[in-house]
Amino acid sequence: MSRGRRRSAPAALLTLMSATAFTCAGAASDTGPMVDASALLPLPASHECPTDRYLTLGPRTYTGGFNNMLMTFQAALLLARYTNRTFVVPAARNDRYKEFRFSWAVDYEALKPVWPCFFDSDTPWGEGPAPEAKGEEVTRTVLTTSPGSRGRRVPTSQVASDFHPKRGSLAALPPHRASLQNGVGKKIKDVAREFNEDPDVHNKPVIMVGGSAWGGLMTTCMNPNENGLFYAHVEPSPVIAAEIAHFQKLKGLVDGEYIGVHLRYLEGKCPGRAKMFYMPAVEKQIAAMCHNVYSHTAKVVAGAGLSMAGRQLYLASDRQRPMADKTFEQQGSISYDRGNKKDKYFGDGTHFVTGHLGGKVFEPAFDMFALVGAKLFVGNMLSTFSTNVANIRFGHGGRRSVLAWPEPEVMKERTFWECERATFWCGTVTKEWSSVRHSKAHGNC
């Protein structure tokens, strides 16, 4: 698979943001999805990272599947940059994962231009002596949940991979819990400004951003520049990249030539959410992707000026509508099937498989980056998996993604998805078509 188009770091680099100064262009969200690279510049690997200021996440910030958590990861990485803190990335643990590391799915080195100061929490950190004035060391408690426990909290000491800090170090201090109050629709740079201006947060060496994902970091908003910088540098982990390259060679998939399709039914909630979250003018086009079958995809492909004749099709399905899957399989679609016939996007223990090369492969990440390599991607607007795929594709050079069909004409010379991508379900543009009931529409990013 192609590694995508990288943006080279400009000569002038972004100055770290202070409590009152931000360099993100305020007008960006009014102009649609065009990314102004000068508004938020990549940082060099040589950037000096803070060793006395850290940010981590509380136990409830990761909710849902991988793609919901990826949105939280993006927000936390940008928040760490804006508050000049090193991001200590916790293992994602919820009702679906006993432990999941983002480094299993995405390449940390590729993300360093966004903010080079981050690493997994099982890496030694904060080992310098803690100033006495910063607080007293206490026994660290309960920073995680266990999949079989239905929310029961599990002490950190019971999780083998967690880093056990040295006594008297910064990492051994109880983190200061920083709350967003309500993050729904709030700009991530405004969250950073509040943290920087609050001495109870700004002056603490270690802060833990808590709260539920649905009212916390996951539901904050990124402007086009922030999205552009982040998604331009989202690349597969070495294991995923090697597996995809092997699979493409095995199946004869040529990067940039095949059609990619994602089917997602959201555990039966998909049509209802289209009606709940969007105005009647676009509801039917979005709901149509909940019921996508091969004949519908063929119309999308033809509408994009392409032909299915002689073109391969990669199918990533949640396996919740077997008859829909069959319409693609009968046309010779290719899927990454390593014996896991369960629903790959919902439920416990269905995400990890043994790859063709013998390694442990996180199947949703494989599907994501396989779809990134398609010439045309046909997905579902209501799925964060589809929207993340489309975001990465846009960041890697603008390959077209269609997430609703027929595409509503909300802006001239721009597709429906590009308007959506501008501020991800929030912003001035989306007011023209998004339902007022959609939580993010209230944020006016």
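How many residues of helix α5 (residues 224-232) are buried? Select the helix in this predicted model: nine of its nine residues are buried, so α5 is largely enclosed by the rest of the structure. The buried set includes the polar residues N225, E226 and N227, together with P224, G228, L229, F230, Y231 and A232.

**The whole chain**

Zoom out to the full chain, which has 13 helices and 13 strands. Of its 445 residues, 57% are buried. Take the contacts between residues at least 6 apart in sequence: 76% of them join residues at least 24 apart. The accessible surface of the chain is about 18100 Å², and carbon and sulfur atoms account for 52% of it.

**A second covered helix**

Select residues 363-372, helix α11, where 10 of 10 residues are buried. Among them are E363 and D367, as well as F366, M368 and F369.

**The largest nonpolar core**

Next, show F73, F87, F102 and Y314. In the largest nonpolar core, which has 82 residues, these four touch the most other members. Helix α1 (residues 66-82) supplies the largest share of this core, 11 residues.

Centre the view on F87. Its contacts, leaving aside neighbours within four places in sequence, include F73, A76, L77 and A80. F87 is also in contact with L55 and L57, and with C117, F118 and F119.

Another core lies apart from the largest one; it has 16 residues, among them L263, V301, V378 and W405.

**The first disulfide**

From F87, move to its contact C117. C117 forms a disulfide with C49, the two sulfur atoms being 2.1 Å apart. This is one of two disulfides in the structure. C49 sits in the segment before β1 (54-57) and C117 in the loop between α2 (108-111) and β3 (118-120), so the pair ties together parts 68 residues apart in sequence. The angle about the S-S bond is -85 degrees, a left-handed link.

Is each end of this link buried or partly exposed? C49 is partly exposed because its relative accessible area is 27%, whereas C117 has 1% and counts as buried.

**The second disulfide**

Select C270 and C290, whose sulfur atoms are 1.9 Å apart in a disulfide. This link is also left-handed, with -70 degrees about the S-S bond. C270 belongs to helix α7 (residues 270-277) and C290 to helix α8 (residues 280-290), and the two cysteines are 20 residues apart. Both C270 and C290 are buried.

**The four-stranded sheet**

Finish at the open sheet whose strands run in the order β9-β8-β12-β13, with parallel pairing. Which strands stand at its edges? They are β9 (313-317) and β13 (401-402); each has a single partner strand, so one side of each is left without a neighbour in the sheet.

Now select β8 (residues 259-263) and β12 (residues 376-378), which run parallel and are joined by three bridges. I259 stands opposite L376 of β12.

Add helix α9 (residues 294-303), which packs on the sheet and touches β8, β9, β12 and β13. The direction of α9 makes about 140 degrees with that of β12. Then add helix α12 (residues 384-395), which packs on the sheet with contacts to β8, β12 and β13. For α12 the angle with the direction of β12 is about 165 degrees.

Key. Residues numbered from 1 in each chain as written. Predicted model: local features only at pLDDT ≥ 70, side-chain atom pairs only at ≥ 80, totals over all residues. Heavy atoms only, no water. Pairing = 2+ DSSP bridges. Contact = heavy atoms within 4.5 Å. Axes fitted to C-alpha atoms, helices over the stretch in contact; angles between N-to-C directions. Buried < 20%, exposed > 50% of the residue type's maximum accessible area, 1.4 Å probe, protein only. Core = buried A, V, L, I, M, F, W, Y, C linked by side-chain atoms within 4.5 Å. Areas by Shrake-Rupley, 256 points an atom, 1.4 Å probe, with all protein chains shown as cover. Disulfide = S-S within 2.5 Å.
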